[in-house]
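Student: I'd like to go through this one with you, a few questions at a time. Could you show it to me?

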Amino acid sequence: MLVNVHCFSATRCYLEQRISSILYSKAQRCTMAYRACKYSGEKVLDWLVMNEHYFSAAPTGEERRRRIDVQIAGEAFTVDTAGNIFSPDGLDRGTEVLLDTVPAPPQEGSFLDIGSGWGPIALTLGMLAPNADVLAIEVNERAAKLTEKNASQLGISNITVKHPDEVNADTGFDLIWSNPPIRIGKKALHELLIRWLPTLNPGGDAWLVVAKKLGADSLMPWIDKMLQEESPDQFTVRRAATHKGFRVLHIARELELPKEYSR
């Protein structure tokens with residue numbers, strides 16, 4: 001058998017050129033990625049230090065207290081924030097969408113903010129409904145203290161901040177507003193919602209904001225199923241709004257009719 005040596009050499013040469021081209025292209029992309037990371041590395045590291053484990057009970061990272069200007073209930077205020085809490089640089093987009101969507105709260109009642117952070121939701125409720133009792137629950141000690149401090153500095157006296165374990169199991173609420181901590185993981189998130197959503201009093205409403213990319217569309221049917229198993233035919237769950245990549249979910253508990261009307 002005769003072998004065409006020239007053809008074999010040309011093929012080998014072509015393959016070597018292709019491999020070299022591919023490797024060179026990959027090397028270029030790696031170099032560009034490295035330069036981008038090097039350029040922004042300090043900012044990324046700073047973000048990680050400031051935000052990692054914002055749901056930890058006792059953050060160990062540097063506190064880095066700062067004062068920021070924010071809009072609360074349509075007015076400009078200056079509040080305190082710190083590192084290792086949720087959204088230390090200002091009002092996050094999800095909470096902003098929630099506050100722009102929900103109807104005004106009743107002037108009286110028992111209200112709940114699940115995971116208060118530095119306090120934007122609780123502060124808004126306290127300002128809009130000064131005769132209501134607002135409970136802000138927060139596991140992060142640093143964030144809880146900031147909610148208390150910001151409420152005091154703004155002259156809001158109807159807000160109480162507690163660790164979730166300090167709240168009696170039979171405590172009910174007429175209104176719940178929350179940007180729940182999705183990043184704690186599905187199991188922990190489900191446990192949190194199982195604990196607090198059934199605490200709605202008859203006739204009460206809960207409003208949650210969840211990013212679409214973080215599972216809002218699968219969370220809604222899960223909430224509906226969970227509440228139906230907990231209290232059949234007492235709750236309705238719906239998507240109230242979609243904006244900026246976020247879903248606002250509305251959970252309502254039916255009013256209990258007097259016994260004479262239920263016969």
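Tutor: Here it is, a predicted model, and what follows is a round of questions and answers on it.

Student: Let's begin with strand 6. How many of its six residues are buried?

Tutor: Strand 6 covers residues 173-178. The rest of the structure largely encloses this strand, because the count of buried residues reaches five of the six.

Student: And which strands pair with strand 6 in the parallel sense?

Tutor: Residues 110-114 form one partner, strand 3, which pairs with strand 6 over three bridges. In that pairing, aspartate 113 has tryptophan 177 as its bridge partner. Residues 200-211 form another partner, with five bridges to strand 6. So you're after strand 3 and strand 7.

Student: Which residue of strand 7 does leucine 175 stand opposite, and what is the hand of the crossover from strand 6 to strand 7?

Tutor: Leucine 175 faces aspartate 205 in strand 7. Between strand 6 and strand 7 the chain runs through helix 5, residues 186-196. That makes a β-α-β crossover, and its hand is right-handed.

Student: Aspartate 205 sounds worth a second look. Which side chain makes a polar contact with the side chain of aspartate 205 at 2.7 Å?

Tutor: Look in strand 9, where histidine 250 lies. Beyond its neighbours within four places in sequence, histidine 250 is in contact with several residues, among them Asp205, Trp207 and Thr236. The side-chain polar contact with aspartate 205, at 2.7 Å, comes from histidine 250.

Student: Is histidine 250 buried or exposed?

Tutor: Its relative accessible area is 10%. The cut-off for buried is under 20%, so histidine 250 counts as buried.

Student: How far apart in space are histidine 250 and arginine 239?

Tutor: In sequence, 11 residues separate histidine 250 and arginine 239. Taken C-alpha to C-alpha, the distance in space is 6.2 Å.

Student: On to charges. How many salt bridges are there in the whole structure, and which residue forms one with arginine 66?

Tutor: The search finds eight salt bridges. In the one with arginine 66, the closest N and O atoms are 2.7 Å apart, and the partner is aspartate 89.

Student: Where do the two residues of that pair sit?

Tutor: They are 23 residues apart, in distant parts of the chain. Aspartate 89 is exposed at 58% relative accessible area, while arginine 66 is partly exposed at 26%. Aspartate 89 sits in the loop between strand 2 and helix 2, and arginine 66 in strand 1.

Student: What about arginine 67: which residue meets its side chain in a salt bridge?

Tutor: The N to O distance there is 2.4 Å, and the partner is aspartate 80. This pair links strand 1, home of arginine 67, to strand 2, 13 residues apart. At 7% relative accessibility, the partner counts as buried. That's aspartate 80.

Student: How many residues apart are glutamate 96 and lysine 244?

Tutor: Their side chains meet in a salt bridge at 3.9 Å, N to O. Glutamate 96 is in helix 2, while lysine 244 is in the loop between strand 8 and strand 9. They are 148 residues apart.

Student: Which residues do salt bridges with shared partners join into one network?

Tutor: Think back to arginine 67 and aspartate 80, whose side chains meet in a salt bridge. The network consists of Arg65, Arg67, Asp80 and Lys149.

Student: Now the helices. Why is helix 3 described as largely enclosed by the rest of the structure?

Tutor: Helix 3 spans residues 120-128. Its buried residues run Pro120, Ile121, Ala122, Leu123, Thr124, Leu125 and Gly126. It is largely enclosed because the buried count is seven of the nine.

Student: And what covers the buried residues of helix 4?

Tutor: Helix 4 has buried residues including Arg142, Leu146 and Asn150. The cover includes strand 2, helix 3, strand 4 and strand 5.

Student: Which residue caps the N-terminal end of helix 4?

Tutor: Look for a side-chain oxygen lying 2.9 Å from the backbone nitrogen of arginine 142. That oxygen belongs to asparagine 140.

Student: Last one: which residue just after helix 4 takes a positive phi?

Tutor: Helix 4 runs over residues 141-153. The phi in question is about 75°, and the residue is glycine 155.

Note on methods: Residues numbered from 1 in each chain as written. Predicted model: local features only at pLDDT ≥ 70, side-chain atom pairs only at ≥ 80, totals over all residues. Heavy atoms only, no water. Buried < 20%, exposed > 50% of the residue type's maximum accessible area, 1.4 Å probe, protein only. Helix = DSSP H or I, 4+ residues; strand = E, 2+ residues; numbered from the N terminus. Pairing = 2+ DSSP bridges. Right-handed = clockwise from strand over helix to strand, strands pointing away. Salt bridge = Lys/Arg side-chain N within 4 Å of Asp/Glu carboxyl O. Expected span 1.5 Å × (residues − 1). Contact = heavy atoms within 4.5 Å. Polar contact = N/O pair within 3.5 Å; in protein donor to acceptor, adjacent residues only side chain to side chain.
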